[in-house]
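Let's take a walk through this fold, starting with its open space and then moving on to its sheets and helices. Have the viewer ready.

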Amino acid sequence: MNISQLETLLTISKTMSFRKAGELLNLTQPAVSAQIKSLEDEFKTLLIDRNQPVTLTDHGQVFLEHAQRMLTIVEELKQKLSDLSQTPQGHIVLGTTSSIAIQILPRVLSYFQNQFPLIKTTIHSMPSSQVMTAVENGNVDIGITYLTERNPNVDSSVLYYDTFELVVSPHHPMSHLKHTKVEALRDIPIIMLAPDTLGRKYVDQIFRKYNIQPNIVMELSSSEEIKRMVEINLGAAVVSKLSIANELRLGTLKMIKVNELEISHPVGVVYKSGRYLSTAMQQFLSDLKGMPQDQFISSE
């Protein structure tokens, strides 16, 4: 058994095709078949059902679970050996919301990659409620998200505090207001985040507290989508203050203070407890935690 064979089995499990696996691995289809046949002969069991679409047998599924763990160990070994050079390098996978990816990460990553050009970063945008799970499951290395609850499997550190604000189009009937009460949201058309997002759960909690049944005209998966709908006056919305700095500066959105919404929410960096931290991750976390809060929430 060798690492190449394990990688081939993993790729087949994802593509459900010998041909597609070969294309991804730059191998011929006979070479892919030979590697799997060699594994099956060595362990005296059938790992793959070759009917279309190709699937793993029960034995293959068990084998795959162990293969994934072995490949993870090999990757950690490569990273540790690379770290011996004392030059931060490697690959960091970040998970965060689309708003944070657009508003914060360009400034952070621009500085970071200028200082450490050998470190590659990949960003996965996802709903805020999924970031913690993605970190815990190892699907991303580092997450930046709202810290709403403590997770014993994840280490976290607060970076800055955000609030949620009511925004409307400059053409909205309420656009002349600087302040209003939450009761004013009872009847107006409102565009909301999807129910599985942390921002939506917070707003729902406020509405329940004040016995308000909102007039929801649209639900969208990200603040970026919501802002575009509000700009063309399809409704009002409650979104992260961080996400609207550019629109407020350009005048395409108007922010109205609502006292009942004025609660600070910590936004922080999260990573899995007990995992090996490469020098790349250590450097990124150090730089991120060392940034002053105004660098995150600046409107520039």
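Which element gives the largest share of the lining of the largest pocket? Keep in mind that this is a predicted model. The answer is α4, which supplies eight residues. You'll find that helix at residues 58-83, and α1 (3-15) and β3 also give two or more residues each to the lining. The pocket has a volume of about 1,100 Å³. Its lining counts 26 residues, and the closest to the centre are Leu71, Thr72, Glu75, Gly138 and Asp141. If you care about the chemistry of that lining, it splits into nine nonpolar, nine polar and eight charged residues.

Strand β3 takes us from the pocket to a sheet. This one is open, has five strands in the order β4-β3-β5-β13-β6, and mixes its pairing. At its edges sit β4 (119-125) and β6 (154-162), each pairing on one side only. Going from one strand to the next, the twist averages 20°. Helix α6 (residues 105-115) packs on this sheet, where it touches β3 (90-96), β4 and β5, and its direction makes about 165° with that of β4. Further along the strand order, β5 (residues 142-146) and β13 (residues 265-272) run antiparallel and are joined by four bridges. To see that pairing up close, pick Tyr146, which stands opposite Val267 in β13.

Now for the other sheet. It's open too, with six strands in the order β8-β12-β7-β11-β9-β10 and mixed pairing. Here β8 (179-180) and β10 (215-220) are the edge strands with a single partner each, so one side of each has no neighbour in the sheet. For β8, two bridges link it to β12 (residues 254-258), and the two strands run parallel. Thr180 stands opposite Val258 in β12. Two helices lie across β7, β9, β10 and β11: α8 (residues 198-209) and α9 (residues 223-231). Their directions are worth checking against β9: α8 runs at about 135° to that strand, while α9 runs at about 165° to it.

Last stop, a helix pair. Helix α2 (residues 18-25) packs against α3 (residues 29-43) at an angle of about 105°, and their axes are 8 Å apart. Why call them roughly perpendicular? Because angles of 65 to 115 degrees count as such, α2 is roughly perpendicular to α3. Phe18, Arg19 and Gly22 make the contact from α2, meeting Gln29, Val32, Ser33 and Ile36 of α3. By class, that contact has three nonpolar, three polar and one charged residues.

Note on methods: Residues numbered from 1 in each chain as written. Predicted model: local features only at pLDDT ≥ 70, side-chain atom pairs only at ≥ 80, totals over all residues. Heavy atoms only, no water. Pairing = 2+ DSSP bridges. Axes fitted to C-alpha atoms, helices over the stretch in contact; angles between N-to-C directions. Contact = heavy atoms within 4.5 Å. 1 Å grid on protein atoms, 1.4 Å probe; cavity = no way out; pocket = protein on both sides within 12 Å on 5 of 7 lines; lining within 4 Å. Points joined across faces, edges and corners; volume = space filled by probe spheres on them. Nonpolar A, V, L, I, M, F, W, Y, C, P; charged D, E, K, R; others polar. Parallel < 35°, antiparallel > 145°, perpendicular 65-115°, else oblique.
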